Amino acid sequence: NDIKYVTKEFHRSAKKSQLRAGDLLIVRVGANCGDCCEVPPNMGELNCANIVFARPVKELASYIAQYFRSMVGQQNLQSVRTGSAQSVLNTKSIAKLIIPIPPPDEVLGISKILGSIDTKRAINRTTSDLLSAIAISLFQSWFVDFDPVCANFEGREPFGVDEEIAAAFPDRFEDSSFGQIPAGWSATSLADIMTERTGKVGNGNGHVVLSAVASGELKRSDEHFTKQVHSQDTSKYKRVEQWDYAYNPSRINIGSIGMLEVPIVGAVSPVYTVLRPAQGYEWFLRFFLDLPQTKEVINQFCSGSVRQSLSFKDFAAIPVVLPPKEIAEAFARRWQELNALRQHLEIESDKLAEVRDTLLPRLMSGELRVPDELMA
């Protein structure tokens, strides 16, 4: 949905920006300025805009792309960025960069070594995305489509649900103000599973400032902006603890309602609204907020034509079909198992990136030699 594209007519007329396999792409402006990739084979017809791209000789394409993705290559790129408000990379500056090129047979070997690392990291990303997709599908199945209830009603075994969890689901539906819902569940609003928190961090030690981000999390400030609340100015900042949610009610956009997953005490801007979910419903609320229909309701609840806003009262009034606590907790356990695998993959990918960044300079300088069998 909402994919940006150019027309076929534009693509045919803009021959200079048509891409081929092996082309090197570098983002020239914006938050990810300097990000680099090589166009893989079998991608079909491609065109580009606002991206610096080059067409290295075939034998060097992978090597140069890997170089610019490495720490030393990124440092080289950042050295020629211009602009104060927003950094920019231009073609002429990139073209003047000096890149160390080993002998051809070693270039091939280096590309194979680093390529295998990149392939493993790509597999990890794909697997991590798949684990997230499984959790989203599970939430949809349990709490939107009510598949286990349908299965119990029809006297068959629910797919992908063990016997203990299946028994927690009812075997019939009942009428409610929302229509047919599982028997014993509640047709209610989010007010039943969350409360507003207005406590301040006080004048103690400094607290890490947190900010809601598009992934639906509250992130440490050092990942997004450098700011530490010091003892002299903490009194106005709101206190957040693990499982608390926070959002800026005056700048509400979908995905910026963040949950603090880590066990720390942090602080958010005094303009933020902070809320605490009921025990057992922490992850239910997180996935419920990610549902397309919930996002649509939030858009409807937002008021103001010039600047949208979402008060806690309106947020708490969002309708929800609420399951018993034991089923919400069963889902949380499933997600935590999947998420543990995702986190393991992320840690592994970070370590692989460190290995890649350590290897590349040593391979380029000849300090480490490429095995003969990789240079064939």
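This passage describes two open sheets in a predicted model and one helix that lies across strands 1 and 2.

The first sheet is open and is built from 3 strands. Their order is 2-1-3, and the pairing is antiparallel. Strand 2 (36-38) and strand 3 (51-54) stand at the edges. Each has a single partner strand, so one side of each is left without a neighbour in the sheet. Neighbouring strands of this sheet are turned against each other by 20° on average, direction ignored.

Strand 1 covers residues 24-27. It runs antiparallel to strand 3, and 4 bridges join the two. At the residue level, L24 stands opposite A54 in strand 3. Strands of a sheet pair through backbone hydrogen bonds, in either a parallel or an antiparallel sense.

A helix also meets strands of this order. Helix 2 spans residues 61-69 and lies across strand 1 and strand 2. Relative to strand 2, helix 2 runs at about 160°.

The second sheet is likewise described as open, and 4 strands form it. The strand order is 7-16-13-14, with antiparallel pairing. Strand 7 (194-197) and strand 14 (258-259) are the edge strands. Each of these pairs on one side only.

Strand 13 comprises residues 245-247. Strand 13 pairs with strand 14 in the antiparallel sense, over 2 bridges. Here A246 stands opposite G258 in strand 14.

Key
Residues are numbered from 1 along each chain as its sequence is written. This is a predicted model: local features need pLDDT of at least 70, side-chain atom pairs count only at pLDDT 80 or more; totals for chains, interfaces and linings use all residues. Side-chain values use heavy atoms; hydrogens and water are left out. Two strands pair if DSSP finds at least two bridges between them. Axes are lines fitted to C-alpha atoms, for helices over the stretch in contact, and angles run from 0 to 180 degrees between N-to-C directions. Contact means heavy atoms within 4.5 Å.
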